[in-house]
Amino acid sequence: MASGHSEGRDAASTKIVISGGFGAGKTTFVGAVSEIMPLRTEALVTNASEGLDGLEATPEKRTTTVAMDFGRITLDEDLVLYLFGTPGQRRFWFMWDDLVRGAIGAIILVDVRRLQDSFAAVDFFEARNLPFLIAINEFDDAPRHPTQAVRKALALPEHIPVITVDARDRHSAKAALIAVTEYALDSLTPLRG
Ligand SMILES: Nc1nc2c(ncn2[C@@H]2O[C@H](COP(=O)(O)OP(=O)(O)OP(=O)(O)O)[C@@H](O)[C@H]2O)c(=O)[nH]1
Ligand SMILES: [Mg+2]
C-alpha cells in the first residue's frame, strides 16, 4: 500500500480491480460507489463481438468498456481505494495484465444467467495469486441461487468469499469493497492471529 497526504493527515491508498464477464455490471458498480466522477471509456457495442460476448443476454446494452473504468472511494477516512474496472469484451482482454498491476485484490462480478462468462476472470486471478471474491450481481430479472450453489458451479475453494451485491446501490457496492479489502489484507498476512 502507498501512503499519501490528504487534508494534512496520512491516508493509505491501494488499488482494487472490478472484474467479471461482459455486461456483469462493472461500470455500473464503479459509477455507483465512486466519490469522484468516474472516468469511463465506453464505446458503442459493434457486431465485431457477435456470437462471442453473449450480446443477446443484454439486448438493451448499447455501450461497452474498451479500456477501463476508474473511480475512487475513501473508507474509514484514512484508507483510499482506487478502483479499476476491466473491459468485458474478449477482444479487450489483453488490457487486464496492465490494469491489475499493483492491485491488492479483485471483485469478480457475476451474472448467474451467464455463469460461464466468469470463468476467464476466475482463472486469471487464480493464476496470478491475486486475492479475489465473487460478488453475485442480483439483476432484477435473474433467478436467485444460494451462494453455495454458485461456489460449486464455479468450482471455487471454500476460502474464497461469495457474496451478493446490487451494483447500482452505493451501500451494497461499498460493503463489497470492504469485504474484498479485508479479505485481501488477511491474505497478505497469513500468520496474523
Ligand atoms: N437490474 C440491474 N441492472 C444492472 C445492474 N448492474 C448493471 N445493470 C445494467 O446492466 C447493463 C450492463 O452494465 P455495465 O455496468 O455496463 O456492465 P459492464 O460489466 O461494465 O459491461 P462491459 O464493460 O461491456 O463488460 C447496464 O444496462 C446496466 O444498467 C444491477 O445490479 N441490476
Ligand atoms: Mg463496463
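Here is a short chat about the magnesium site, a helix and a cavity in this predicted model.

Q: Before we start, what are the ground rules on numbering and confidence?
A: Residues are numbered from 1 along each chain as written, while chains are lettered from A and ligands numbered from 1 in written order. As the model is predicted, local features need pLDDT of at least 70, side-chain atom pairs count only at pLDDT 80 or more, and totals for chains, interfaces and linings use all residues; side-chain values use heavy atoms, without hydrogens or water.

Q: Cool. What coordinates the magnesium ion?
A: Ligand 2 is held by Thr27 (OG1) and Thr65 (OG1), at 2.0 to 2.1 Å. Donors here are N, O and S atoms within 2.8 Å of the metal (3.2 Å for Na, K and Ca), and with water not among the atoms, sites may look incomplete.

Q: Where do those two threonines sit in the chain?
A: Threonine 27 is in helix 1 (residues 26–33) and threonine 65 in strand 4 (residues 63–65), 38 residues apart. Helices (H or I, at least four residues) and strands (E, at least two) are DSSP runs numbered from the N terminus.

Q: Are they buried or exposed?
A: Both are buried, meaning under 20% relative accessible area, with exposed over 50% and partly exposed in between (1.4 Å probe, protein chains only).

Q: And why is helix 1 called largely enclosed?
A: Because six of its eight residues are buried, among them Phe29 and Val30.

Q: New topic: how do strand 5 and strand 6 run?
A: Antiparallel, joined by seven bridges; strands pair if DSSP finds at least two bridges between them. Arginine 72 stands opposite tyrosine 82 in strand 6.
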